[in-house]
Amino acid sequence: MRLTVIGTGYLGAVHAACMADSGHEVLGVDVDARKIARLAQGSAPFFEPGLQEMLTRNVESGRLRFTTSLREAAEFGQVHFVCVGTPQKENSQAADLRFVDAVVEGLAPYLRRPSLIVGKSTVPAGTTARLTVRVDALAPEGVDVEVAWNPEFLREGHAVEDTLRPDRIVAGVSSSRADAVLRDVYAPMLRAGVPYISTTPATAELVKVAANSFLATKISFINAMAEVCDAAGADVVTLAEALGHDTRIGRRFLAAGLGFGGGCLPKDIRAFMARAGELGVGDSVAFLHQVDEINGRQRRRTVDIARDMAGGDFTGRRIGVLGATFKPDSDDVRDSPALAVAAAIHRQGATVRLYDPQGIENARSVMPQLEYVHDATKACEGADLVLHLTEWPEFRRLDPAVLAASAAVPKILDARNTLDAALWRSAGWTVRALGRPTPPALPNQQAAAPVASAYSSDLG
């Protein structure tokens, strides 16, 4: 089948490559000519495990091409996936749909055959219905064009796997024809047993924001418990372990730490609150205001704890930072809790030296006033305090004895609760972690193992 993918950012580039790898002919479309030129050469514009190899393979095979022309897209494809961004509006919590609208308004007049426009971007409920009216007005008379919604559930760092082997496919359709087309598009996944949920467009639009709101609530809940644990002298890692054995609750996303960030979760829950207010049911999701506040408070608490560990004042202190991206296995620093904490400490007078395995250049572009180095040892060299802010696997493999020899003062704040505190203490480090007693409340009892990073870092 001939597909177009309009918007080649994180979602679109991955979707285009994966659809081509599934056997479709795919044309990627974007207004950014430089990005299109790079993609056309088979070069990924961002870091995502497995994407580079897939892009190269499918560009070389001819199944995947790229263009800046919506006219060419209309002539090429039967199904048009809309994968553009829906950022938060300036001075508002609502989603900014101008890019989605621009795609539909630019594409519809060129359509000359029966076509299905499929939105994958995260949008407020009611968007499909509104766009359908617009398409009916813009498409040439007599051309059958439908709009459907097929939300994405990608986790950065796992996006290729999530596209090829998703845990579910949700199709918001208004006709059996649209449903049949999407079943054809995803036939390889359906043959592999992936659940397929056919529903109304409004329900499909709600699925993504509802899922993100639930996950955000679970993360903020355990972070609120971490604050209580700090006050009570309890251990939030053990608490989470005990809660996780309750099958009604489960263990995933009960990882206390610095909180969530990135380009999806924060703006999606805010847009959900805004849309609920427009629909007259704002009170039903009022709890999300507190979820958002708890998440922001984790960043402020981390800065406060770090300042206390640095002697009550950051002025003149050298702080080593491990991690800049909002999660591991990504180079994305959008709304990164790690970078926000590093920037706040810098503003309070510290010299901040930062290392991240993939995110240095992106971090430098938005926070050039920090110092950037290319290995963890350099970040810790001469440091009065080290902060562990993104749970990259390589940080768990560091030798704390080697780092202790290079630090000015061997103190570390584990804001992700994934380091082996006993190992670091045995190497001479003073260790603090969010929601964990220091020293251990029960020194003769083996401490609970740190939470595996998958519990806290597989958000989209």
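This passage walks through a central strand, a pocket and a cavity, the cysteines and two unusual backbone angles. The structure is a predicted model, in which local features need pLDDT of at least 70 and side-chain atom pairs count only at pLDDT 80 or more, while totals for chains, interfaces and linings use all residues. Residues are numbered from 1 along each chain as its sequence is written, and side-chain values use heavy atoms, with hydrogens and water left out.

Start with strand E5, residues 115-119. Helices (H or I, at least four residues) and strands (E, at least two) are DSSP runs numbered from the N terminus. E5 is largely enclosed by the rest of the structure, because 5 of its 5 residues are buried; buried means under 20% relative accessible area, exposed over 50%, and partly exposed in between, with a 1.4 Å probe and protein chains only. In a regular strand, side chains alternate between the two faces of the sheet. Both faces of E5 are covered, with Ser115, Ile117 and Gly119 buried on one side and Leu116 and Val118 buried on the other.

E5 has partners in E4 and E6, where pairing takes at least two DSSP bridges between two strands. Strand E4 (residues 79-82) lies parallel to E5, with 4 bridges between them, and histidine 80 has isoleucine 117 in E5 as its bridge partner. The route from E4 to E5 goes through helix H5 (residues 98-107) in a right-handed β-α-β crossover; right-handed here means that, with the strands pointing away from the viewer, the path from the first strand over the helix to the second runs clockwise. E5 also runs parallel to strand E6 (residues 145-149), joined to it by 5 bridges, and leucine 116 is matched with glutamate 146 in E6. From E5 the chain reaches E6 by way of helix H6 (residues 127-138), again in a right-handed β-α-β crossover.

Next come the empty spaces. They were searched on a 1 Å grid over the protein atoms alone: a cavity is a set of points where a 1.4 Å probe fits but cannot get out, a pocket is an open set with protein on both sides within 12 Å along at least five of seven lines, and lining residues have an atom within 4 Å of a point. Grid points are joined across faces, edges and corners, and a volume is the space filled by probe spheres set on the points. The largest pocket comes out at about 1100 Å³. Its lining counts 42 residues, with Gly9, Tyr10, Val84, Gly85 and Arg334 nearest the centre. Helices H1 (10-21), H2 (33-40), H5 and H12 (265-278) each give two or more residues to that lining.

The whole structure has 2 cavities of 30 Å³ or more. The second largest cavity holds about 70 Å³ and has 13 lining residues, including Val123 and Phe272. H12 gives the most to this lining, with 5 residues.

As for the cysteines, the structure has 0 disulfides, a disulfide being a pair of cysteine sulfur atoms within 2.5 Å. The sulfur of cysteine 18 is 11 Å from its closest counterpart, in cysteine 83, too far for a bond. Cysteine 18 is buried at 0% relative accessible area, and cysteine 83 is buried at 6%.

Finally, the backbone. Most residues other than glycine have a negative phi. Asparagine 91, however, has a positive phi near 65°; asparagine 91 sits in the loop between E4 and H5 and is exposed at 78% relative accessible area. Aspartate 329 has a positive phi near 60°, lies in the loop between strand E9 (318-322) and helix H14 (337-347), and is partly exposed at 28% relative accessibility.
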